[in-house]
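This report covers ligand surroundings and a chain-chain contact in a predicted model. Please view the sequence and structure first.

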Amino acid sequence: MSEKPILSVKHLKTYFDVTKGIFSPKQIVKAVDDVSFDVMPNETFGLVGESGCGKTTLGRTIVKLYDPVDGSIEFEGQDIAKIKGAKLKAFRKDMQMIFQDPYASLNPRMTVGEIIKEPMIIHEIYKTEEEREARAVELLRIVGLKPDHIRRYPAEFSGGQRQRIGIARALAVNPKFIVCDEPISALDASIQAQVVNLLENIQKEMNLSYLFIAHDLSMVKHISDKIGVMYLGNMVEVGPSNDVYHRPLHPYTVALLSAIPIPDPDVAKSKSRIVLEGEIPSPINPPSGCPFSTRCPKATERCRRERPKPIQVGDRLVACLLYEK
Amino acid sequence: MALLEVENLSTEFFTDQGTVKAVSDVSFSLDAGEALGIVGESGSGKSQTMYTIIGLLAGNGKMTEGKVTFDGQDISRSSFATKKDYEEAMRKIRGNTMAMIFQDPMTFLNPILKIGDQLIEPIMNHKSVSRAEAEKQALHLMEMVGIPSAEKRINQYPFEFSGGMRQRIVIAIALANNPKLIIADEPTTALDVTIQAQVLELIDELRKESNSAVIMITHDLGVVAKLCHRIAIMYGGKIVEIGTDKEIFYDAKHPYTQGLLKCITNPEEDSEEPLTPIPGSPPDLLNPPAGCPFVDRCEKAMRVCKDYKPEYTNFSSTHQCACWLNDSRAVKK
Ligand SMILES: Nc1ncnc2c1ncn2[C@@H]1O[C@H](COP(=O)(O)OP(=O)(O)O)[C@@H](O)[C@H]1O
Ligand SMILES: Nc1ncnc2c1ncn2[C@@H]1O[C@H](COP(=O)(O)OP(=O)(O)O)[C@@H](O)[C@H]1O
Ligand code: SF4
Ligand SMILES: [Mg+2]
Ligand SMILES: [Mg+2]
C-alpha cells in the first residue's frame with residue numbers, strides 16, 4: 001500500500017509514578033510500554049485486551065490527555081507527542097474522543113445544545129450563535145436525535161441517547177480522527193447495534209478514522225479493519241481483523257479468542273478453551289523477557305530472558321519469539 | 001415433579017410516580033440438573049423475577065399474583081401466615097438449598113471479615129460440624145473453585161482478591177451447602193472474557209457434579225449459548241418466548257427474539273453487512289402498553305397488538321411464544 005497512515009505511533013511509552021511517599025522505593029506503572037502501530041485514513045483500528053492492559057492510557061496519550069515519557073505520535077506526518085500552544089489547539093480540533101460512560105462524560109448542568117456548541121466556541125468555528133445553533137441542530141439530526149432535544153438536559157436521556165449526544169459533540173469540530181474508548185460497553189445489545197451503525201455511517205460520510213477500544217471482541221471484529229491486541233502495556237499482535245480472528249499467531253491472542261462466548265449453541269457448547277494459568281502480572285513489576293512468559297503455554301527459557309520485538313509475518317505484526325528466526 | 005415451578009408471577013413497585021409493573025405474569029419451571037438462561041435488556045424484569053422468588057424484594061415491592069413452588073414446598077408469600085414466618089423460612093432456604101451469585105461479589109461479601117470466616121461460618125451453621133472440620137471443608141472448596149495457595153489466602157480480606165477471585169469465593173460460599181438451585185444474576189458481566197470463561201465453566205461443573213439446577217441471568221447471548229439448555233427471553237416484564245437453546249437460536253418465533261439475534265454479531269462469520277438494530281427503546285414500566293410490550297418497536301405489529309395481550313402459542317412441548325402473529329384470531333395487516 002502506498003497510502004500514508006493518518007496516525008503512526010512509534011515506541012510509545014506512558015508511565016505513571018505511583019510512589020507512595022518520598023522515602024519509599026520508586027513505583028512506576030508501565031501502562032503503555034513501547035507500543036507501535038499505524039492507522040490508515042478512513043480505517044477503523046480496533047484495540048482489544050483485558051482490563052488494565054493499557055487501552056485507555058494509550059487512547060488518552062494519543063489525544064494528548066496524557067504525556068508520553070518516550071516515543072512519537074505522528075498525525076498526518078507531524079509528530080504531536082510534544083506540541084504545545086496553537087499547534088496543540090489545532091490538533092485537538094482534528095482529534096476527538098468518545099467515552100465509555102455516557103453518564104459521567106456529559107456535564108449535567110449544560111443543555112444538549114450548550115454541550116454540542118462548546119467545542120465550536122473553543123475552536124472558533126462559527127462567527128455567530130445562529131450558525132452554531134444551526135450546526136447543532138444538524139448534528140442532532142445526523143446522530144438520530146430530534147431538533148427540540150437541544151434545550152434539554154442529559155439526565156432526560158437514556159444511555160444510548162447520551163452516547164449519541166457525545167458523538168454529536170465529537171463531530172461538532174469536524175474532526176478527522178476519533179478515539180472511541182468503549183463507547184458501547186455500557187449499552188444493551190439492541191442499542192449497541194444502533195450506535196455501531198451510526199458510527200459506521202458517519203465514518204463513511206465524513207471520512208473519519210477511528211481508534212475503537214472495546215473488550216467485546218465480536219463487536220470489535222465487526223467494526224474494525226485492523227485489530228491490535230494488548231497485553232500488559234504491550235501490543236502483542238496487529239493485523240487485518242478477520243485474519244487475526246481466524247488465524248491468531250500470538251499465544252495470548254490464541255488464548256483470548258478461545259474464551260469468547262459464541263452466540264450459537266452448537267458451536268459454543270463444542271468449543272474448547274485454552275486455560276491460562278495464573279493471573280496477569282502487575283504493570284509495576286512486569287516480567288523480564290516476554291510480558292506473557294509467566295502464563296504462556298509455549299514459553300521457553302529464552303522467553304523469560306529476552307523481550308520479543310514485533311516481527312512482520314505476512315501482513316501481521318507479532319511480538320513473540322516463536323516467530324523470530 | 002419440577003424442582004422449581006413459577007406460575008403467573010407478577011410483581012409491582014409502588015413509587016411516587018406510580019406503580020411500576022416490573023414483572024407481569026411470568027411462568028416457567030425447572031428440573032434438577034437443568035440450566036435455564038434468562039435473557040433481556042436492562043430493566044426487563046430479570047432480577048426482580050428472581051428477587052421475588054427468593055424473597056428479597058425491596059420494601060416498596062410486592063408480589064401481587066402468582067405461586068412459587070420449590071422442592072415440593074409452596075414458598076409464595078401468601079402461603080405463610082405472617083411476614084415473619086415467610087422471612088424466616090426464606091432465610092433458611094437461601095442459606096441451604098438455594099444459592100445466589102450476584103454481579104458484584106461485594107454485595108455478598110463482608111469487607112471487614114476474613115474470607116475464611118465468611119466460608120467457615122455457613123459451613124458450621126448448616127452442617128453442624130466443628131470449626132476445624134469446617135475449615136478443612138472451606139480449604140477444599142477454595143481449591144475446588146481454583147483459588148491458588150488457599151491456605152494462605154483463607155486468612156486474607158476481600159480487598160486482597162481480584163474481581164474474578166472474589167466471584168470464585170462467592171461461588172465457594174454458595175456451594176458450601178450443596179444447593180439444589182443456583183441463581184446467578186449477571187455473575188460475569190464485570191469480568192474479562194478469560195475470567196468469565198473460567199467462572200462459567202466452574203458453575204457448569206458444579207451443576208453436573210451435584211445435579212443442581214442453574215438459572216443464569218445475563219444480557220449476553222454468547223453466555224447462554226454456552227451454558228444453558230433452555231432460554232427464556234424477557235421483554236417489558238414478560239417472558240415473550242421460551243424454548244430450548246436450539247429453538248431460540250435457530251428457530252426464534254418472537255419478533256423481539258429475532259431482532260435481538262440480528263443485533264449481535266457472530267465472530268465466526270465474516271459478514272460485512274451492517275447490523276440490524278431494533279429501533280426505539282424499551283417500554284416505560286410505569287405506563288406499560290396495554291397489549292404486547294414490544295408493540296412500539298415491532299415492525300410486524302398489527303392493530304390488535306396495541307390493545308390486547310397476546311397469549312402463548314405452543315410450537316413444541318418446550319417452545320412457547322407470546323405474539324399475535326401466531327394467533328389465528330388476529331387480523332394480519
Ligand atoms: N492515572 C493513573 N495513575 C496511575 N496508574 C494508572 C492511571 N491510569 C491507569 N493506570 C494504570 O495503568 C494500567 C493501564 O490502565 P488502563 O489504560 O486504564 O487499562 P485498560 O483501559 O486497558 O483497562 C493499569 O494498571 C492502571 O491501574
Ligand atoms: N425498588 C424499586 N422501586 C421501583 N422500581 C423498581 C425497583 N426495583 C426495580 N424497579 C424497576 O423494575 C423494573 C425491572 O427491573 P430489573 O428486574 O432489575 O431489571 P433487569 O432485567 O435489568 O434485571 C425496572 O423498570 C426497574 O426500574
Ligand atoms: S514469546 Fe514466548 S512467552 Fe511470549 S508469547 Fe511467544 S512463546 Fe509465549
Ligand atoms: Mg479502559
Ligand atoms: Mg438485573
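## Surroundings of ligand 3

Ligand 3 is surrounded by residues of chain A, listed here by kind: the cysteines A:Cys290, A:Cys296, A:Cys303 and A:Cys320, the leucines A:Leu321 and A:Leu322, and also A:His250, A:Pro251, A:Phe292, A:Ser293, A:Lys298 and A:Ala299. A residue belongs to such a shell if one of its heavy atoms lies within 4 Å of the ligand.

By class, this shell has 9 nonpolar, 2 polar and 1 charged residues. Here Ala, Val, Leu, Ile, Met, Phe, Trp, Tyr, Cys and Pro count as nonpolar, Asp, Glu, Lys and Arg as charged, and the others, Gly among them, as polar.

## Basis of the values

The model is predicted, and local features need pLDDT of at least 70, side-chain atom pairs count only at pLDDT 80 or more, and totals for chains, interfaces and linings use all residues. Residues are numbered from 1 along each chain as its sequence is written, chains are lettered from A and ligands numbered from 1 in the order in which they are written, and side-chain values use heavy atoms, with hydrogens and water left out.

## Interface of chains A and B

Chain B puts 46 residues into the contact and chain A 34 residues, where contact means heavy atoms within 4.5 Å. About 3400 Å² is buried between the two chains, with 52% of this from carbon and sulfur atoms; buried area is the accessible area (1.4 Å probe) that two parts lose on being put together, summed over both.

The interface holds 4 salt bridges (a side-chain nitrogen of Lys or Arg within 4 Å of a carboxyl oxygen of Asp or Glu). A:Asp266 and B:Lys246 form a salt bridge at 2.8 Å, N to O. On the chain B side, α7 (193-210), α8 (221-227), α9 (245-250) and α10 (255-263) each supply at least two residues; helices are DSSP runs (H or I, at least four residues) and strands likewise (E, at least two), numbered from the N terminus. That side divides into 21 nonpolar, 11 polar and 14 charged residues.

## Surroundings of ligand 2

Of the 15 residues around ligand 2, those that come nearest are B:Gly43, B:Lys46, B:Ser47, B:Gln48 and B:Asn60. β1 (4-15), β2 (18-30) and α1 (46-54) of chain B each give at least two residues to the shell, and α1(B) gives the most, with 3 residues. The shell divides into 5 nonpolar, 8 polar and 2 charged residues.
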